[in-house]
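Please open the structure in your viewer and keep the sequence at hand. This tour proposes a series of selections and states what is found at each.

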Amino acid sequence: MPLPRQLRSESDFDQLPDDVPVSANIADIEEKRGFSSYYVFVIEVKTKGGGRYMIFRRYRQFYDLHAKLEERYGVENKNSRFTCMLPVLPGKVYIGAKREIADSRIPILNMYMKKLLSLPSWVLLDEDVRLFFYQSDFDCEQTPQGLRRLRPRTRRVKSISPQEPSFDRMAAPRAEALFDFTGSSKLELSFKKGDLIYLLSRINKDWFEGTVHDATGIFPCAFVTVIKDLPQEEDSINWLRCYYHDDNVSTIRDISVEEDLSSTPLFQDLMELVRREFGRNDIALNYRDAEGDLIRLLSDEDVGLMVMQGRSWPLEKHIFPWRLHITQEDDYSVYNHTRSAISTQRVAEL
């Protein structure tokens, strides 16, 4: 059996397609707040042909990819002639602050991707490797919140010409420069204090894309005052409406989650979300049935019934059709008498 190869040869590299990734670097981490909170790594990928784009990956996606590669190409595989010494990926961590864990993984994962993309061509052409580094529709829809390790990229577009007859100066989104700004690369827009900059898009919360003096590029929002803002984009955040019942007083709170309105959460994720939001552990989750009675949630099956019932209710934009009612864990007085006994029995069984 031949010894494992560690690096691809120059001739192998020349034969690779232009869209094969050859380097990847983590630009930032971002918190995603669904029914459970998690972090994704914002990764800039560069291809052999010179292309660049962003992808968003969770750590478990790294872990799943590595497990598949170990099975196919690991040195322990005696049934394949395509083997190599794969880079080491640290194991999953279950204890500690999620952001601190994600931050600590950045240099390790950068090194992992660097070594992975230096392996022989058969690894780079592996279907799962290609899918991992492929920019999906989901990746294209994401907007980086604020890249700490890379300045935001921008597309090349034709600049706006205020001299064109069809151009409406008063209707166009625009800003006035408060200070001089000199771009540090050809992607950045240079301007002088007092220049009128026509806005093309908002890259993230810190950077605009705009045009001035027949040049187009990106620039920091802090250097301008907005005269007419860009149209508001459709909000990707949805809201979970909660009714909190305590001492005969009910309050309403909407919790923001990045989940589709048609999704069904797991009971445990829902419980952790509400405990975190209200800062209490001694609470119970409920929903109101068609007769108006509160029904306690105790399992994924109960959540499924609640979601199914909610589909028949009138829809409100960006608000889940089902509602949560939050009560004290040991308070059974809020239930219908018969169902209260059933709920008490079920809790005791669990």
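The tour begins with a pair of strands and then turns to salt bridges; please note that the model is predicted.

**First stop: strands β6 and β7**

Select residues 207-212, which make up strand β6, and add strand β7 to the selection; the two strands pair in the antiparallel sense over six bridges. Which residue of β7 stands opposite F208? Displaying the side chains will show F219 in that position.

Now move to the connection between the strands. β6 and β7 form a hairpin, with two residues between them. Within this turn, select H213, whose phi is positive, at about 55°.

Next, select residues 215-220 alone and show the surrounding atoms. Strand β7 is largely enclosed by the rest of the structure, because five of its six residues are buried.

**Second stop: R72 and D128**

Side chains of opposite charge can pair when their charged atoms come close. How many salt bridges does the structure hold? There are eleven, and the remaining stops visit some of them.

Select R72 and D128, whose side chains meet in a salt bridge with an N to O distance of 2.5 Å. This pair links distant parts of the chain, 56 residues apart: R72 belongs to helix α2 (residues 59-73), and D128 to helix α5 (residues 127-133). Is D128 buried or exposed? With a relative accessibility of 16%, D128 counts as buried, since the cut-off for that class is under 20%. R72, at 33%, is partly exposed.

Extend the selection to K68 and D126. Together with R72 and D128, these residues are linked in a network of salt bridges.

**Third stop: R241 and D254**

Select R241 and D254, where another salt bridge joins the side chains, at 2.9 Å from N to O. R241 lies in strand β9 (residues 238-246) and D254 in strand β10 (residues 249-257), so the pair ties together parts that are 13 residues apart in sequence. R241 has a relative accessible area of 18% and is buried, whereas D254 is partly exposed at 29%.

**Final stop: R280 and D282**

Finally, select R280 and D282. A salt bridge is formed here, and the closest N and O atoms are 2.9 Å apart. R280 counts as partly exposed, at 28% relative accessibility. D282 is also partly exposed, with a relative accessible area of 33%.

Terms used:
Residues numbered from 1 in each chain as written. Predicted model: local features only at pLDDT ≥ 70, side-chain atom pairs only at ≥ 80, totals over all residues. Heavy atoms only, no water. Buried < 20%, exposed > 50% of the residue type's maximum accessible area, 1.4 Å probe, protein only. Helix = DSSP H or I, 4+ residues; strand = E, 2+ residues; numbered from the N terminus. Pairing = 2+ DSSP bridges. Salt bridge = Lys/Arg side-chain N within 4 Å of Asp/Glu carboxyl O.
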